[in-house]
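Student: I would like a close look at a single part of this model, set in the context of the whole chain. Please take it step by step and give the cut-offs as you go.

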Amino acid sequence: MQISEELMKRLYPRAKQANIRTHLPYINEALVWYNITSAKRVAAFLAVCGHETGQLTAFTERGNAAYFQMYEYRKDLGNDQPGDGPKYKGRGAIQLTGRHNYTMASKDFGVDFVNNPDLVLEPKYIWKVSGWYWAVLWKRYGVDLNGLADKGDLKTIQLRVNGGPKNGWEERKALYDMILPILEKEMGSQLITQKKKSVQLTGL
């Protein structure tokens, strides 16, 4: 099955219809490409993305120049040049942050996100990059977010994706608790599938 516009509106009730229409084809595509296809996996992924984007409202980390100073020269993010903090701020549905992550995404996709970081904000990349971050990047560090989703372990997913137990936890949990029963009823044992055959993304 595919997530329909009607179903997506129930999952993200605050989302504007125009935004659903724009993003939904890419959401469905990314879910299939990255094996986020069961009700539990989709619920966990959409709960995280729903919080990060304000339900398809914003795809860029907000803050002024002083705010982004906290990212300057962060070795764990690979930010080693002046201006890397604001240049490699969070973008996407699961916010890609830091020179290191932009570099790895560039390599895997064959797209120059390093010199053109705003490319991550194009709808065709927003969901590809977010799915990649979820299913590919974290696996390189030995963390299987899909596996955690299978166990219903949203708390550990929260710790990995956001680096802290309280960063938006209540909203993510509330979204998850709303989304999962809807998907379980609509999907049953079905999985999200692709309407048309498409090429597998690199990195898997």
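Where in the chain is Leu96 found?

Tutor: This is a predicted model, in which local features need pLDDT of at least 70 and side-chain atom pairs count only at pLDDT 80 or more, while totals for chains, interfaces and linings use all residues. Residues are numbered from 1 along each chain as its sequence is written, and side-chain values use heavy atoms, with hydrogens and water left out.

Leu96 sits in the loop that runs between helix 5 (84-87) and helix 6 (99-109), where helices (H or I, at least four residues) and strands (E, at least two) are DSSP runs numbered from the N terminus. With a relative accessible area of 0%, Leu96 is buried; here buried means under 20% relative accessible area, exposed over 50%, and partly exposed in between, with a 1.4 Å probe and protein chains only. If residues up to four places away in sequence are left aside, Leu96 touches Tyr88, Lys89, Gly90, Arg91, Asn101, Tyr102, Ala105, Val120, Val129, Trp132 and Tyr133, a contact being heavy atoms within 4.5 Å. As a further landmark, Ile126 is 30 residues from Leu96 along the chain, and the C-alpha atoms of the two are separated by 9.5 Å.

One of the residues that Leu96 touches, Arg91, leads on to the charged pairs. A salt bridge is a side-chain nitrogen of Lys or Arg within 4 Å of a carboxyl oxygen of Asp or Glu, and by this rule the count comes to 11. Arg91 forms such a bridge with Asp118, the closest N and O atoms being 2.9 Å apart. This pair links distant parts of the chain, since Arg91 lies in the loop between helix 5 and helix 6, and Asp118, 27 residues apart from it, lies in the loop between helix 6 and helix 7 (123-140). The two partners differ in cover: Arg91 counts as buried at 4% relative accessibility, whereas Asp118, at 47%, counts as partly exposed.

The helices on either side of the Leu96 loop are themselves joined by a charged pair. Asp84 and Arg99 meet through their side chains in a salt bridge of 2.9 Å, N to O; Asp84 belongs to helix 5 and Arg99 to helix 6, so that this pair, 15 residues apart, again links distant parts of the chain. Asp84 is buried at 2% relative accessibility, and Arg99 is buried too, at 15%. Helix 6 has a further partner in helix 7, for the side chains of Asp108 and Arg140 form a salt bridge at 2.4 Å, N to O. Because Asp108 lies in helix 6 and Arg140 in helix 7, the pair ties together parts that are 32 residues apart in sequence. Asp108 counts as buried at 13% relative accessibility, while Arg140 counts as partly exposed at 41%. Salt bridges that share partners also join Asp80, Asp84 and Arg99 into one network.

A buried arginine elsewhere makes a useful companion case. Arg41 is placed in helix 3 and is buried, with a relative accessible area of 15%. The side chain of Arg41 reaches the backbone oxygen of Asn35 at 2.8 Å. Apart from residues up to four places away in sequence, Arg41 touches Asn35, Ile36, Trp134, Asn146, Ala149 and Asp150.

Seen as a whole, the protein chain contains 10 helices and zero strands. Its C-alpha trace spans about 50 × 35 × 35 Å along the principal axes. A compact globule of 204 residues would have a radius of gyration near 17 Å, and the 16 Å of the protein chain agrees with that; the radius is taken over C-alpha atoms, and the globule rule is 2.2 Å times the number of residues to the power 0.38. Buried residues make up 50% of the 204 residues, and among contacts with a separation of 6 or more, 62% come from residues 24 or more positions apart. The picture of Leu96 is thus of a buried residue in the loop between helix 5 and helix 6, with Arg91 among the residues it touches.

Key
A polar contact is a pair of N or O atoms within 3.5 Å; within protein, one must be able to donate a hydrogen and the other to accept it, and residues adjacent in sequence count only if both atoms are side-chain atoms.
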